Amino acid sequence: MTPDITIKDLSVSFETVQGTVYAVRDLSTTFHAGRISGIIGESGSGKSIMGMSILRLLPNTARVTGSCFLGKDELYTMPLKALRKVRGGMIGLIPQNPSASLDPVMRIKHQLMEAILTHRRADRKAAEQQLAVLLQRFGFDDPQTILRQYAFQMSGGMNQRLVSASGLACQPGWVIADEPTKGLDAILRNQVYTVLRQIHETYHSSMIVITHDLDFACRLCDDIRVLYQGHLIEQGSAQEIMETPLHPYTLGLMNAMPRHGMIPIPPPDPARLTHTGCIFYPRCPRASARCGQESPHEVTLKTGRKVRCLLHA
């Protein structure tokens with residue numbers, strides 16, 4: 001049985017010439033097995049940093065505090081040898097940047113087969129057949145030709161689908177998908193949606209999907225978490241987040257969707273930049289004087305939804 005992933009008091013910071021910068025701050029949440037959980041927010045909100053922290057794939061310059069459990073196993077203190085069995089085997093990764101993830105001087109076949117041969121102990125012929133089926137699901141009509149080629153011979157969209165296939169190759173219990181539809185047109189985005197949904201239903205894979213594509217998140221995910229400046233500010237079911245967002249920032253994200261006319265979230269008010277309260281205070285259209293002085297705590301409503309906003313305190 002696939003265990004839950006539980007993050008407790010996660011903070012990730014980097015030292016810069018301007019001082020300490022926090023990419024994620026005091027984040028606690030549980031991703032429940034058997035579900036597809038979405039993470040949404042603007043660029044720089046800490047979505048990918050949070051996702052990469054689970055597998056300890058952040059650069060050495062990152063300072064990480066807190067804990068992360070896969071069931072009863074604490075990943076942040078787990079020996080590297082044991083963690084390597086978790087990566088790919090128990091938790092698969094679909095990375096955001098395929099050009100940095102695929103080796104340009106190694107054939108696609110060898111790169112995608114590596115995970116299967118390492119974690120599944122399959123022979124090469126069986127591994128190649130498994131990959132061919134998976135590539136066909138991702139829209140490659142001639143997978144044998146693709147497997148013989150190199151990443152530089154592929155388009156950006158093709159490479160994105162290839163790294164998606166790589167992350168799912170071992171049928172892991174968990175998959176972290178970081179922008180799986182990035183750079184894809186509407187037809188290919190729908191194809192990726194279909195494959196992820198099939199993988200989830202066929203192999204019961206649990207997923208954490210990090211995305212800017214709100215339509216994709218609301219369509220694919222069971223529940224959604226909203227990040228702003230490294231803080232988890234709202235979480236609930238995808239339908240609840242989509243239809244009745246509670247936090248003003250979440251409402252701004254939903255209003256910024258193209259079908260709603262792309263109404264922008266207000267820019268920071270210079271008069272509010274110096275404050276000690278809510279992180280969204282400088283941009284919030286519903287802010288009061290209290291919001292500039294008091295930092296809100298996470299509130300759990302009777303419905304089970306969670307929000308970090310004084311409007312609901």
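Visitor: In which strand is Asp26 found?
Guide: Asp26 belongs to strand E2. This is a predicted model, so read each statement as one about the model.

Visitor: What is the value of phi at Asp26?
Guide: The phi of Asp26 is near 50 degrees, a positive value in a residue other than glycine. Asp26 is also partly exposed, with a relative accessible area of 49%. Gln229 can be read alongside: its phi is positive too, at about 50 degrees, and Gln229 is not a glycine. Gln229 sits in the loop between E9 and E10, and its relative accessible area of 44% makes it partly exposed.

Visitor: What is the order of the four strands in the open sheet?
Guide: The order is E2-E1-E4-E5, and the pairing is antiparallel. Strand E2 (19-31) and strand E5 (73-74) are at the edges with a single partner strand each, so one side of each has no neighbour in the sheet.

Visitor: How many bridges pair E4 with E5?
Guide: Strand E4, residues 62-70, pairs with E5 over two bridges in the antiparallel sense. To find the place by eye, look for Phe69, which stands opposite Glu74 in E5.

Visitor: Which strands does helix H1 lie across?
Guide: Helix H1, residues 47-54, lies across E1 (5-16), E2 and E4. Its direction is at about 115 degrees to that of E1.

Visitor: What is the order of the eight strands in the other open sheet?
Guide: Read it as E6-E7-E8-E3-E9-E10-E12-E11, with mixed pairing. The edges are strand E6 (91-94) and strand E11 (299-300); each has a single partner strand, so one side of each is left without a neighbour in the sheet. At the E11 edge, E11 and strand E12 (residues 306-307) are antiparallel and share two bridges. There, Val299 has Val307 of E12 as its bridge partner.

Visitor: Which helix packs on the sheet by touching E3, E9 and E10?
Guide: That is helix H11, residues 248-255. The direction of H11 makes about 105 degrees with that of E9.

Visitor: Which way do the residues of E3 point?
Guide: Start with the general idea. In a regular strand, side chains alternate between the two faces of the sheet. In E3, Ile36, Gly38 and Ile40 point one way, while Ser37 and Ile39 point the other way. Strand E3 covers residues 36-40, and five of its five residues are buried.

Visitor: In which sense do E3 and strand E8 pair?
Guide: They pair in the parallel sense, over four bridges, with E8 spanning residues 206-210. Ser37 has Ile208 as its bridge partner in E8. Strand E9 (residues 223-228) also runs parallel to E3, and four bridges join the two. In E9, the bridge partner of Ile40 is Val226.

Visitor: Where is Thr211 placed?
Guide: Thr211 is in the loop between E8 and helix H9 (214-220). A residue can be in a loop and still be covered: Thr211 has 0% relative accessibility and counts as buried. Leaving aside residues up to four places away in sequence, its contacts include Ile39 and Ile40, along with Lys47 and Phe216. A polar atom of the Thr211 side chain also lies 2.9 Å from the backbone nitrogen of Asp213.

Visitor: How many residues of H7 are buried?
Guide: The count is 10 of the 13, so H7 is largely enclosed by the rest of the structure. Among the buried ones are Gly157, Leu162 and Val163. Helix H7, residues 156-168, reaches 19 Å from its first C-alpha to its last, close to the expected 18 Å. H7 lies across E6 and strand E7 (174-178), at about 180 degrees to E6.

Visitor: How many disulfides does a search of the whole structure find?
Guide: A disulfide is a covalent bond between the sulfur atoms of two cysteines. Here the search finds zero. For Cys68, the nearest cysteine sulfur is that of Cys221, 18 Å away. Cys68 is buried, at a relative accessible area of 0%.

Visitor: How far is the sulfur of Cys284 from the closest cysteine sulfur?
Guide: The distance is 6.2 Å, to Cys291, which is too far for a bond. Cys284 also counts as buried, at 9% relative accessibility.

Notes: Residues are numbered from 1 along each chain as its sequence is written. This is a predicted model: local features need pLDDT of at least 70, side-chain atom pairs count only at pLDDT 80 or more; totals for chains, interfaces and linings use all residues. Side-chain values use heavy atoms; hydrogens and water are left out. Two strands pair if DSSP finds at least two bridges between them. Contact means heavy atoms within 4.5 Å. Axes are lines fitted to C-alpha atoms, for helices over the stretch in contact, and angles run from 0 to 180 degrees between N-to-C directions. Buried means under 20% relative accessible area, exposed over 50%, partly exposed in between (1.4 Å probe, protein chains only). A disulfide is a pair of cysteine sulfur atoms within 2.5 Å. The expected span of a helix is 1.5 Å times one less than its number of residues. A polar contact is a pair of N or O atoms within 3.5 Å; within protein, one must be able to donate a hydrogen and the other to accept it, and residues adjacent in sequence count only if both atoms are side-chain atoms.
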